[in-house]
Amino acid sequence: MQMTQTQKDTLKAIPRSRCSVCDSGRSYTNPMAKCFECLKKFCYDHINGGQLKKGMAENEPIRDVCFSCTETHEYYTLGTK
């Protein structure tokens, strides 16, 4: 089953997510991650992965947090504390 032209136009009209720092667009070679605290999207060059925070439960998953929220909310990297 092929898509109609109106369906293709609808999909083209959906905006691609962009990094909040460098404004690069999302693609299969440049994925985006959402900051757990501020909920903005960042490319993997501008986000810290594997962050923990004091008071998190032991079975809670690690978080992706941007650099500014890492300092503001006192996150630390897995294995440093």
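## Strand 3 and its surroundings

Leu52 touches Ile62, Glu74, Tyr75, Tyr76 and Leu78, leaving out residues up to four places away in sequence. The model is predicted. Leu52 sits in strand 3. Its relative accessible area is 16%. Buried means under 20%, so Leu52 is buried. Across from Leu52, in strand 5, stands Tyr76. Tyr76 is also among the residues that Leu52 touches. His73 is 21 residues from Leu52 in sequence, and the two C-alpha atoms are 10 Å apart in space.

**The sheet**

Strand 3 belongs to an open sheet of three strands. The order is 4-3-5, and the pairing is antiparallel. Strand 4 (63-66) and strand 5 (75-77) stand at the edges. Each has a single partner strand, so one side of each has no neighbour in the sheet. From one strand to the next, the twist averages 70°. Strands of a sheet pair through backbone hydrogen bonds, either parallel or antiparallel.

How many bridges join strand 3 and strand 4? Three, in the antiparallel sense. Strand 3 and strand 5 also pair in the antiparallel sense, over three bridges. On the strand 4 side, Ile47 stands opposite Cys66. Gln51 has Arg63 as its bridge partner in strand 4.

Is strand 3 mostly covered or mostly open? Strand 3 is mostly covered, with five of its seven residues buried.

**Gln51**

Gln51 lies in strand 3, which spans residues 47-53. At 3% relative accessibility, Gln51 is buried. The side chain of Gln51 makes a polar contact of 3.4 Å with the side chain of Thr77. Beyond four places in sequence, Gln51 is in contact with Ile62, Arg63, Val65, Thr70, Tyr75, Tyr76 and Thr77. Arg63 is in that list, and Arg63 is also the bridge partner of Gln51.

**Salt bridges**

Side chains of opposite charge can pair when their charged atoms come close. The whole structure holds three salt bridges. The table gives each pair with its N to O distance and the relative accessibility of both residues.

| Pair | N to O distance | Acidic residue | Basic residue |
|---|---|---|---|
| Asp23 and Arg18 | 3.3 Å | Asp23, 46% | Arg18, 43% |
| Glu37 and Lys53 | 3.9 Å | Glu37, 26% | Lys53, 26% |
| Glu60 and Arg63 | 2.4 Å | Glu60, 30% | Arg63, 10% |

Take the Asp23 pair. Asp23 is partly exposed. Arg18 is partly exposed as well.

What does the salt bridge between Glu37 and Lys53 tie together? The side chains of Glu37 and Lys53 meet at 3.9 Å. Glu37 lies in the loop between strand 1 (32-34) and strand 2 (41-43), and Lys53 lies in strand 3, so the pair ties together parts that are 16 residues apart in sequence. Glu37 is partly exposed, and so is Lys53.

In the Glu60 and Arg63 pair, is Arg63 buried or exposed? Arg63 counts as buried, at 10% relative accessibility. Its partner Glu60 is partly exposed. Arg63 thus has two links: a salt bridge to Glu60 and a strand bridge to Gln51.

**The nonpolar core**

Which residues make up the largest nonpolar core? There are eleven: Cys19, Met32, Ala33, Cys35, Phe42, Cys43, Ile47, Val65, Cys66, Cys69 and Tyr75. Strand 1, strand 2 and strand 4 are the elements that give two or more residues to this core. Ile47 and Cys66 are both core members, and they also stand opposite each other, with Cys66 in strand 4.

Cys35 is another core residue. Leaving out residues up to four places away in sequence, Cys35 touches Lys40, Phe42, Ile47, Asp64, Val65, Cys66 and Cys69. Core members in that list include Phe42, Ile47 and Val65. Val65 and Tyr75, both in the core, are also in contact with Gln51. Tyr75 is touched by Leu52 too.

**An exposed loop residue**

Asn59 lies in the loop between strand 3 and strand 4. Is Asn59 buried or exposed? Asn59 counts as exposed, at 71% relative accessibility. Asn59 and Thr29 are 30 residues apart in sequence, and their C-alpha atoms are 31 Å apart in space.

Key: Residues are numbered from 1 along each chain as its sequence is written. This is a predicted model: local features need pLDDT of at least 70, side-chain atom pairs count only at pLDDT 80 or more; totals for chains, interfaces and linings use all residues. Side-chain values use heavy atoms; hydrogens and water are left out. Helices (H or I, at least four residues) and strands (E, at least two) are DSSP runs, numbered from the N terminus. Buried means under 20% relative accessible area, exposed over 50%, partly exposed in between (1.4 Å probe, protein chains only). A polar contact is a pair of N or O atoms within 3.5 Å; within protein, one must be able to donate a hydrogen and the other to accept it, and residues adjacent in sequence count only if both atoms are side-chain atoms. Contact means heavy atoms within 4.5 Å. A salt bridge is a side-chain nitrogen of Lys or Arg within 4 Å of a carboxyl oxygen of Asp or Glu. Two strands pair if DSSP finds at least two bridges between them. Axes are lines fitted to C-alpha atoms, for helices over the stretch in contact, and angles run from 0 to 180 degrees between N-to-C directions. A nonpolar core is a set of buried Ala, Val, Leu, Ile, Met, Phe, Trp, Tyr and Cys residues joined through side-chain atoms within 4.5 Å.
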